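Reader: I would like a close look at the salt bridges in this model, with attention to where the partners sit along the chain and whether they are buried or exposed.

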Amino acid sequence: MTISTNTIRFLVLFFCNLIIYQSNAQTLVQVKKSDFPVKITLQSEKILTEDYNHHHRIFVIDTLLLTMVNSGTNHYHVYHKNTLNYLGPIGVRGEGPDQWEIPQTTVGQFEKANDGIKLWYFDFLRGNYSLMNLTKTLNSKSPYPIVERKLRVNMKIFPYFQLFMGNNNRIYANSWIYEQNRGRIKSFDLESNKIYKSGLFPVIKNSERLPAETINSLYGASFYKHPKQDKFVQAMYMFNRIDIFDENLNVIKTIVDGENWKDNYYDAIDIDPTKEFFEGRTDGFNSLALSENFIYALEADRNVNSEINKENECFIRVYDWDGRPKAYLTVKHDLSSIAIDESNGKLYATDYSHELVLRFDISQLIKSWLK
């Protein structure tokens, strides 16, 4: 029997599409609120109540808590995680040598060594990416960091908003606010000097019509690294989707809900940058916390400026790294950032609008998830 050329082409196309479909089916996980096996309201504990600083963000750094503030002489303040004793400030606000002009200079990535805890931080304006010995810096009683490694990152060729150091000697970043031809995330290989970039998705029709700052608003996302592995997570602000990338920027898992995460859901023709487009359309996330076992995603408040907005109510979705839903947590506060200390079963958060730092005991929940 002779098979025609057209039949062969059809069969090749069919099996290629089948392989793509099966791959997408394995990568995509759809999770509705009703799919979470546990729904619970967390009871909060207010901490650092005697501290005068107005804390914006919080990080768990081994035995330490690191908080970011937007005003005052110093950018960061450090406390002992268990005793909550104040250990000292880090980062002098200013334009002089070794001073920082901008607030968001670390994403909390740290390393442990025999001579102390090391913390990565970066400087947009000078292009420095540095590793400080946080333990030695605190012991010095000076907010100026004791730097043990410094790299130069050229913002002209590799503009970035956040930086992570990979185990494979690559730097990982998300895009700068005004970056042209942006992708979701990118990496810079310190050995070959090669830049790799993921695609920009989900697709928006006619996106070439939009200015860079509008694209940034549409594709804005919380971006964090797995504590030990070269796996990266973006939880998008506008779109209800969480994407997990491997070290080569391949998407290995996408967790979605609703409809707006799909390609071509929005058309740039309908988006007027001079008018309010986002109000009522936000359906994503505005903070992340990652542990070795779980992903904690703080929902963005989709009802801001609406009649049904509840100021003191937030929701946190918890998944494992395979995208399986573990718990849907309700918090009666207006959270601005979250951090997880999974070994001790503690979730930390800041409520910036009410000048609060909060702690939640979720140890029993974590034990049940690990069974």
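Author: What follows goes through some of the salt bridges one pair at a time. The model is a predicted one, and it holds 23 salt bridges. In general, side chains of opposite charge can pair when their charged atoms come close.

One of these pairs is D257 with R317, whose closest N and O atoms are 3.2 Å apart. D257 belongs to the loop between β19 (251-256) and β20 (285-290), while R317 belongs to strand β22 (residues 314-320), so this salt bridge ties together parts that are 60 residues apart in sequence. Both D257 and R317 are buried.

Another pair is E313 with K332, where the closest N and O atoms are 3.2 Å apart. This salt bridge likewise links distant parts of the chain, since E313 lies in the loop between β21 (294-299) and β22, and K332 lies in the loop between β23 (325-331) and β24, 19 residues apart. E313 counts as buried because its relative accessibility is 18%, which falls under the 20% limit for that class, whereas K332, at 46%, counts as partly exposed.

A further pair is D322 with R324, again with the closest N and O atoms 3.2 Å apart. Here D322 counts as partly exposed at 41% relative accessibility, and R324 counts as partly exposed at 46%. Elsewhere, D115, K118, K136 and E148 are joined into one network by salt bridges that share partners.

How values were computed. Residues numbered from 1 in each chain as written. Predicted model: local features only at pLDDT ≥ 70, side-chain atom pairs only at ≥ 80, totals over all residues. Heavy atoms only, no water. Salt bridge = Lys/Arg side-chain N within 4 Å of Asp/Glu carboxyl O. Helix = DSSP H or I, 4+ residues; strand = E, 2+ residues; numbered from the N terminus. Buried < 20%, exposed > 50% of the residue type's maximum accessible area, 1.4 Å probe, protein only.
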